[in-house]
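Welcome, and please open the model in your viewer. We will go from one selection to the next, and at each stop I will tell you what is there.

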Amino acid sequence: VQLVESGGRLVQTGDSLRLSCVVSGGTFSSAAMGWFRQAPGKEREFVGAIDWNGGNNYCADYVKGRFTISRDIPKNTGYLQMNMLAPEDTAVYYCALAPLLTKVIDRYGSWGQGTQVTVSS
């Protein structure tokens, strides 16, 4: 299974951005997709996750109300919609797959290469 993120770029504070994650090369009928981010010098942190089939999803408290997660099953694509971006959201954003809906990073086994999001003040 391969995951490819896209959509990251330089934006200004308050802007919105949507990241995409295309999954190919396998099936994941009972998996979940998670989104993580890693800022320079910091550990990778959980942003949110979505159950691929049921659509249940949730986001970390520090992005709740600003970020939302969705997926398009026929397109094998997951999305991370980010609104009201702030400089502290600057990071490389990754998508990953897990066998269940979880925020535990160790449960995610397939990862994309990441896409850079930079928010200028």
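Start by selecting strand β1, residues 2-6: Leu3 and Glu5 make up its covered face, while Gln2, Val4 and Ser6 lie on the uncovered one. Strands here are DSSP runs of E with at least two residues, and helices are runs of H or I with at least four residues, both numbered from the N terminus. Before going on, note that this is a predicted model, where local features need pLDDT of at least 70 and side-chain atom pairs count only at pLDDT 80 or more, while totals for chains, interfaces and linings use all residues. Residues are numbered from 1 along each chain as its sequence is written, and side-chain values use heavy atoms, with hydrogens and water left out.

**The four-stranded sheet**

Keep β1 selected and add β3: the two pair in the antiparallel sense over five bridges. Two strands count as paired if DSSP finds at least two bridges between them. For a closer look, pick Leu3, whose bridge partner in β3 is Val23.

Now add β8 and β7. You have an open sheet of four strands in the order β1-β3-β8-β7, with antiparallel pairing. Which strands stand at the edges? They are β1 and β7; each has a single partner strand, so one side of each is left without a neighbour in the sheet. From one strand to the next the twist averages 15°, with axes taken as lines fitted to C-alpha atoms (for helices, over the stretch in contact) and angles running from 0 to 180 degrees between N-to-C directions.

At the β7 edge, six bridges join β7 to β8, and the two run antiparallel. Ser70 is a handy residue to click on, with Tyr79 as its bridge partner in β8.

**The disulfide**

Next, show the cysteines. The structure holds one disulfide, a term used for a pair of cysteine sulfur atoms within 2.5 Å. Cys21 and Cys95 form it, with their sulfur atoms 2.0 Å apart. This pair links distant parts of the chain, with Cys21 in strand β3 (residues 17-24) and Cys95 in strand β9, 74 residues apart. Look along the S-S bond: the torsion is about 70°, so the disulfide is right-handed. Both Cys21 and Cys95 are buried, that is, under 20% relative accessible area (exposed is over 50%, partly exposed in between, with a 1.4 Å probe and protein chains only).

Why does Cys59 not bond to Cys95? The sulfur of Cys95 is the closest cysteine sulfur to that of Cys59, but at 14 Å it is too far for a bond. Cys59 has 9% relative accessibility, so this residue counts as buried too.

**The nonpolar core**

Now select Leu19, Met33, Trp35, Phe67, Leu80, Met82 and Tyr93, which touch the most other members among the 32 residues of the largest nonpolar core. Such a core is a set of buried Ala, Val, Leu, Ile, Met, Phe, Trp, Tyr and Cys residues joined through side-chain atoms within 4.5 Å. Strands that each supply at least two residues include β4 (32-38), β5 (45-51) and β11 (115-120). β9 gives the most, with six residues.

Zoom in on Tyr93. Leaving out residues up to four places away in sequence, its contacts (heavy atoms within 4.5 Å) include Glu5, Leu19, Phe36, Val47 and Thr115.

**The loop between β8 and β9**

Select Asp89, found in the loop between β8 (77-82) and β9 (91-98). Is Asp89 buried or exposed? Its relative accessibility is 0%, so Asp89 counts as buried. Beyond four places in sequence, Asp89 touches Arg37, Arg66, Phe67, Met84, Val117 and Val119.

Met84 lies in the same loop, between β8 and β9. Its phi is near 50°, a positive value in a residue other than glycine. Because its relative accessibility is 49%, Met84 counts as partly exposed.

For another positive phi, go to Asn76 in the loop between β7 and β8, where phi is also near 50°.

**Zooming out**

Finish with the whole chain in view. The protein has zero helices and 11 strands. Along its principal axes, the C-alpha trace spans about 40 × 25 × 25 Å. Of the 121 residues, 43% count as buried.
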